[in-house]
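Q: I should like to learn how to read a binding site, a symmetry relation and a single residue from a set of coordinates. Could we begin with the site?

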Amino acid sequence: MNTESILRAAEAIQAALLAHEADIEALDRAIGDGDHFINMKRGAAAVVALRDELATLAPDAALHKIGMKLLSSIGGASGPLIASFFLAMAKTMQERGADGWPQIAAAFAAGVAAIQSRGKADVGEKTLLDVLIPVSRCFTRLAEAGTEPATLCAELKREAEQGMESTRDMIASKGRAAFLGERAIGHIDPGAKTSQVMICTVCDLAST
Amino acid sequence: MNTESILRAAEAIQAALLAHEADIEALDRAIGDGDHFINMKRGAAAVVALRDELATLAPDAALHKIGMKLLSSIGGASGPLIASFFLAMAKTMQERGADGWPQIAAAFAAGVAAIQSRGKADVGEKTLLDVLIPVSRCFTRLAEAGTEPATLCAELKREAEQGMESTRDMIASKGRAAFLGERAIGHIDPGAKTSQVMICTVCDLAST
Amino acid sequence: MKKFINAVDDVLVESLSGFAAAHADLVRLQLDPHYLCRAQKAQNKVAILSGGGSGHEPLHGGFVGYGMLDAACPGHVFTSPTPDQMLAAAEAVEAGRGVLFIVKNYAGDVMNFEMAAELLPFDHATVLTSDDVAVEDSTYTTGRRGVAGTLIVEKVVGSLAETGADLAACQALGEKVNRRTASMGVALSSCTVPAAGRPTFDIGPDELEMGVGIHGEPGRRREALRPADALVGDLLAALLEDLKPQPDSRALLLVNGFGGTPLMELYLLYHAAARWLAERGVAVERSLVGNYVTSLDMAGASLTLCLLDDEIRAHWDAPVHTPALRWGR
Amino acid sequence: MKKFINAVDDVLVESLSGFAAAHADLVRLQLDPHYLCRAQKAQNKVAILSGGGSGHEPLHGGFVGYGMLDAACPGHVFTSPTPDQMLAAAEAVEAGRGVLFIVKNYAGDVMNFEMAAELLPFDHATVLTSDDVAVEDSTYTTGRRGVAGTLIVEKVVGSLAETGADLAACQALGEKVNRRTASMGVALSSCTVPAAGRPTFDIGPDELEMGVGIHGEPGRRREALRPADALVGDLLAALLEDLKPQPDSRALLLVNGFGGTPLMELYLLYHAAARWLAERGVAVERSLVGNYVTSLDMAGASLTLCLLDDEIRAHWDAPVHTPALRWGR
Ligand SMILES: Nc1ncnc2c1ncn2[C@@H]1O[C@H](COP(=O)(O)OP(=O)(O)O)[C@@H](O)[C@H]1O
Ligand SMILES: Nc1ncnc2c1ncn2[C@@H]1O[C@H](COP(=O)(O)OP(=O)(O)O)[C@@H](O)[C@H]1O
Ligand SMILES: [Mg+2]
Ligand SMILES: [Mg+2]
Ligand SMILES: [Mg+2]
Ligand SMILES: [Mg+2]
């Protein structure tokens, strides 16, 4: 993984989020407060605006800078969570490098663990972790098994899709949707949706 | 004219106003502030509630009491105007009696003059005076000519109708409709409408 | 109609009772006839009395207290109060120095206060407020309406009365403030009078009413919705055209919400207005932003400018202690 | 969307700028990162800092000033502010006695303040407000939300800090007030977030949302519209069930509008609430009625009860001088 690929991913993610504006907005309007799309769009724009500065950095330093930028630009619940993800990922990469799939998977797992400890949530609480935790587990397993990139990416996309769908019938116990009780049933979690969009986007980039 | 006929008129007017609720409300919503019907309804109810007390009084004293009650129950622009009408009418009747049509016409004219001096308005300003002034003139003329009641009442109803219709194409220079300028054109004045309803009601009573 | 009410006929008395109970340290409510007066009767000053239809809260009841009104007479929603109310209120608050009526210039208010004045057994005078520049051709008509500028007249005259000034001085200052004050309002929605149960006018999603009063009545013109800066420019241009301030004038700027407009938008309007005025050499020396002279739940706002002089500014700054306006004590 | 705005992206900064300009005697605005702090830095006291998404005005910026907050960090509309804002604000107002964060209990606010706290080079503590009893099963979830009761915590703790009390004492009092405070809200309409451009939820003419928060989110239940007395009874029953007051308790009653509800209705609610409480032996010793913790232009209201003791009441009564709350000086 190099910095150039991180920048391409950031731009692709921005485009993918914009393409899903309507569905993401509708989801947070239904079981949240309607700002999740705007928050994510603001974060993506802030990162993409850093392009030139990031281009001069090593991958781990670039991820750290992205984390700090997201921390000061997204806000809401998703801001500190996503920022924690990138900050932890950067730290692990700095320690272990970013040269192979197992290294990247370990960094990803560290990012997900940081989200878990920041938000004190786990699988089954109708949050973005219902996408990220299964994706991370699968990623670690396949990367360590030496699975070839195309298959790996296809599997991760499947996990992300499935994780996202799983939130539909959950009652939330974390985040704003928790205030709705049973009324949250039947709606996909907006953070799970954006996580799925981002993972799919990166997988599509990585497998081509 | 006796007190009994005044009480019958009050009840008939209350019923007639209620029957015209929708049109009166719509008119004051269009070029006023929407309360004219409610104001008149409140006034009518207050007078009808005085029934037993009024029944013991002479006609002029009854009209005076009605005027005071309207003054403290209607409010708005129509309250002091209608109250002034009854107070002046009572005064003239006290002086000249209420026994013949010319006496009643004189009292009516005094009432209309009181409205004019209280509101500083005249014919052509899109107010209830566009009904009351022509009706009063016609009333005086026919009463002095000894016209028989049925014809007199029919004529007064015609005048009231015509006066009310005449307000439709006027720009207002008094009352709230004055704030609307040209936008008031095309709408009958609500006070003119209620005046017409009341006059018709009393004429129907008097001619049967 | 979606409102927090019980029976429509009880709205006024229940709301007044709640107001008086919540501010029992400052005001006392009398019913039949209805009026609000200070909890402690003031002595040895001109009694300042106002009133008008309800639905403009906090005006006028919210301004009863030290440094402002001695009493306020609330009518039914958007309906002038009746003379018996003013007579009872004046009786309760007159303190040997006479009574000044502050009356918004509407046919109904004027005539009801006039009939009360004719019956009043005290020295009395009246200040008619007529700050609304949206009303054109006022020489041939009823004249201009009194709207949000009334608050400024009540505050400034209320302060003067507190110093022991006599009736003529209070009236003269009130008339001066009124002459130096201009307002204009714009509505984004109608309001719903409880007894009517439906909005007074219909309005489309891209329309606004320019030049509205404070009774939910339509304004002078139906116009297209446009950005706040453009609206503020139009409103202020009309105010300056009317006031014709000297170069280097100093002003009090009141950004008044009509009841359904949140503070976030009112402060945005303030921002636009202060910038626009600064560019034209008018210094905003004092300001007030909030929902003070309202039209029930109408979304909309008015801008009011009062050209300050040292006297008016000193009385604006003087202590006031009422339910809705309080500073200096 | 009908609002007084220019470009959607400029709403926050234009509104904050207007707020700061209108209250330049009391507050100062810093941009990038955004925060509001007192115009005169307070010395020798615990710095009290709050913040949260915008759209709740006057909360929190309107409560910056003597006797309440030292600084407030405004996020985007309904979006928690970010840690860099809290760090910059704390840097500006810390005065050697540490920093107390008052944070409404939402995942976003909690986590952003938490990350700021981890980086803060000062002594610090946090009070989480969680007065909203509409949230059930709170042991297994995020927990209860902080809503209008936050105002009471800010006022009471702000007063204690002014006396020179230390960080631990301020935190302890804040937690006590939070424990003794309960709120519940009901919405008649949704609100419209400027960036979204349409109402967050649709609601029929005879429906209401019971148990809403202050972010335009739907509540616990969609219910049928009913008279104010019935609504007030339901809300207060939930509050008492939560607070379980002793017989002869004394309370502060806050009737809070959500931004689009006029004072006339809020005072009517106050009337209904005070009567209901009196019948159940709860004496309303202090009250506050108005639009204080809002959801943009939402029509609706919440009721908050805080069980008073002598300490809380004394700090509630103590002088406060902020743009939105002022008494005693
Ligand atoms: N404690 C938590 N742990 C993990 N994810 C969370 C947590 N709280 C909220 N989220 C995620 O954040 C998303 C909402 O983000 P956003 O709308 O941007 O913030 P906010 O809820 O503050 O408005 C939710 O859909 C959920 O996936
Ligand atoms: N100066 C006036 N002279 C005569 N009639 C008037 C005058 N001003 C108002 N009116 C009448 O009063 C009517 C409105 O009454 P109403 O709606 O009850 O009071 P308000 O205008 O105070 O709401 C108008 O339709 C008009 O006929
Ligand atoms: Mg959200
Ligand atoms: Mg009317
Ligand atoms: Mg009226
Ligand atoms: Mg949010």
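**The site around ligand 2**

A: Twenty residues surround ligand 2, and those that come nearest are Asp33(B), His36(B), Ala77(B), Ser78(B) and Asp189(B). Please keep in mind that this is a predicted model.

Q: Which chains surround ligand 2?

A: One asks which chains supply the residues of the shell. Here they come from chains B and C, so the site is shared between chains.

Q: Which helices of chain B each supply at least two residues of the shell around ligand 2?

A: Helix 3 (36–49), helix 6 (78–96) and helix 10 (190–206) of chain B do so.

Q: How many nonpolar, polar and charged residues does the shell around ligand 2 have?

A: The residues are sorted by class. The shell has six nonpolar, eight polar and six charged residues.

Q: Where does a polar side-chain atom of Asp33(B) lie relative to an oxygen atom of ligand 2?

A: One looks for pairs of N or O atoms within 3.5 Å. The polar side-chain atom of Asp33(B) is 2.9 Å from an oxygen atom of ligand 2. For Asp35(B), an N or O atom of the side chain is likewise 2.9 Å from a ligand 2 oxygen. Gly191(B) takes part through its backbone, with an N or O atom 2.9 Å from an oxygen atom of ligand 2. As for enclosure, ligand 2 taken alone exposes 560 Å², of which the protein buries 97%.

**Two copies and their axis**

Q: What turn and what shift lay chain D on chain C?

A: One superposes the copies and reads off the rotation and the translation along its axis. A turn of 180 degrees with a shift of 0.0 Å along the axis lays chain D on chain C, with an RMSD of 0.0 Å. The two copies are therefore related as by a two-fold rotation axis. In chain D, Gly260(D) has the C-alpha nearest the axis, at 2.1 Å.

Q: Why do the copies meet through the same surface?

A: One compares the interface residues of each copy. Of those in chain D, 100% are also interface residues in chain C, so the copies meet through the same surface.

**A single residue**

Q: Why does Ala55(A) count as partly exposed?

A: The class between 20% and 50% relative accessible area is partly exposed. Ala55(A) counts as partly exposed because its relative accessibility is 45%. This residue is found in helix 4 (residues 51–55) of chain A.

Q: Which residues is Ala55(A) in contact with, leaving aside its neighbours within four places in sequence?

A: Ala55(A) is in contact with Thr3(A) and Leu7(A). Ile13(A), 42 residues from Ala55(A) in sequence, is 17 Å from Ala55(A) in space, C-alpha to C-alpha.

Notes
Residues numbered from 1 in each chain as written. Chains lettered and ligands numbered in written order. Predicted model: local features only at pLDDT ≥ 70, side-chain atom pairs only at ≥ 80, totals over all residues. Heavy atoms only, no water. Helix = DSSP H or I, 4+ residues; strand = E, 2+ residues; numbered from the N terminus. Buried < 20%, exposed > 50% of the residue type's maximum accessible area, 1.4 Å probe, protein only. Contact = heavy atoms within 4.5 Å. Least-squares fit on C-alpha atoms with pLDDT ≥ 70 in both. Near = heavy atom within 4 Å. Polar contact = N/O pair within 3.5 Å; in protein donor to acceptor, adjacent residues only side chain to side chain. Areas by Shrake-Rupley, 256 points an atom, 1.4 Å probe, with all protein chains shown as cover. Nonpolar A, V, L, I, M, F, W, Y, C, P; charged D, E, K, R; others polar.
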